[in-house]
Amino acid sequence: MHLFLAMMILVIITLLCIFPKKYSAICLEGIFLWAKVVLPSLLPFLILTTLLTKLGILQKLSIYLNKFFYRLKLPSLTAGVFIISILSGYPVGAKMIADLYSQQAITEKEASRMALLCSTSGPMFIIGSVGAALFNNTMAGCILFATHILGVIIPCLIALPFAKKLPKTEHILQTKTVDNLLYSSVHSSTISILCIGGFIVLFYILTEALTDLRIMQPLIALLAFPFGDSATGLVYGLLEATHGVSALSKSMSIFALPLASFVITFGGGCILLQQISFLKSAKVKITTFILFKFLQGICAFTLTLLAVWIFL
């Protein structure tokens, strides 16, 4: 496996050396996307949610929903993280889980279960960037957001009640002095947003390299049978969600919006790695997490297909 990865990296480096102008433009495209869409919308949320976590506000946010999450065999802090994850988008939920684990407020098993529910995109991206900007249809964005959230929740409602009950633990958040708290929150959030930018640029280059090498063509051809011209956007989305959704928005297929819902909910390689980079520090079971995200993506796809048939 390591040998294969090393060979792929060397091939991509060779392409970068042979076509420096082309790949420099692709790199700038990824940076532009990060700077225009991700940085202004996500950095404030990262800083503010880190502050909320360290101030212990999550316990107060969770009070009214505790009974519901208790039935799902989730820790009491889940409600607050879930609400902020919905409002903020990827990968804020994963970062908050990592922060809670680092403060010993949750165990690794609790972190693994929380990760299944608290990994969502946000309304700013889905309704604004995808619905209004890419699909030129705010209604489509609202449908995507609703089916995305339901696609995340429904599999958890089905699976988690059958999970083993976790040992009861007292969830207490450690607080810090305000000066140290503000600096540490800004510092950690800035590092996180830079890492997210690095992931986006890397996957933009990777997608272009795989396209140039014709590696993705067989998969696109295979998926073209059920999905028509949406197959290209789906395959791109499996690597980088924004790139895939952008391609899907140009498709005339009835599957374009449902596949966009799948891509946003599953996350694609870029978003999954962003989340995994945080969740690994909380010792979350990564294989289970990825498989569950795929299941949630299928659920979101099915719900969106039904919604398209009814409303659009």
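This short talk walks through the core, one helix pair, two buried residues and the cysteines of the structure above.

Please keep in mind that this is a predicted model, in which local features need pLDDT of at least 70 and side-chain atom pairs count only at pLDDT 80 or more, while totals for chains, interfaces and linings use all residues. Residues are numbered from 1 along each chain as its sequence is written, and side-chain values use heavy atoms, with hydrogens and water left out.

Let me begin with the core. The largest nonpolar core, meaning a set of buried Ala, Val, Leu, Ile, Met, Phe, Trp, Tyr and Cys residues joined through side-chain atoms within 4.5 Å, has 86 residues, and those with the most contacts inside it are Ile97, Leu117, Ile200 and Leu279. Helix H10, residues 178-212, gives the most to this core, with 9 residues; helices here are DSSP runs (H or I) of at least four residues, numbered from the N terminus. If we leave out residues up to four places away in sequence, Leu279 touches Ala94, Ile97, Ala115, Val284, Ile286 and Phe289, where contact means heavy atoms within 4.5 Å.

Next, the helix pair. Helix H5 (residues 78-88) and helix H6 (residues 92-102) pack at an angle of about 150°, with their axes 8 Å apart; the axes are lines fitted to C-alpha atoms over the stretch in contact, and angles run from 0 to 180 degrees between N-to-C directions. From H5 the contact takes Val81, Ile84, Ser85 and Ser88, and from H6 it takes Val92, Gly93, Met96, Ile97 and Leu100.

Ser85 also leads us to serine 121, which sits in the loop between helix H7 (108-117) and helix H8 (123-134). These two serines are 36 residues apart in sequence, yet 7.4 Å apart in space, C-alpha to C-alpha. Serine 121 counts as buried because its relative accessibility is 4%, the cut-offs being under 20% relative accessible area for buried, over 50% for exposed, and partly exposed in between, with a 1.4 Å probe and protein chains only. Among the residues that serine 121 touches are Ser85, Tyr90 and His148.

Threonine 265, in helix H14 (residues 256-266), is buried at 0% relative accessibility, and its contacts include Tyr90, His148 and Lys293.

Finally, why are there 0 disulfides, a disulfide being a pair of cysteine sulfur atoms within 2.5 Å? For cysteine 27, the closest cysteine sulfur, in cysteine 270, is 13 Å away and therefore too far for a bond. Cysteine 195 is in no disulfide either, the nearest cysteine sulfur, that of cysteine 270, being 12 Å away.

Terms used:
Helix = DSSP H or I, 4+ residues; strand = E, 2+ residues; numbered from the N terminus. Disulfide = S-S within 2.5 Å.
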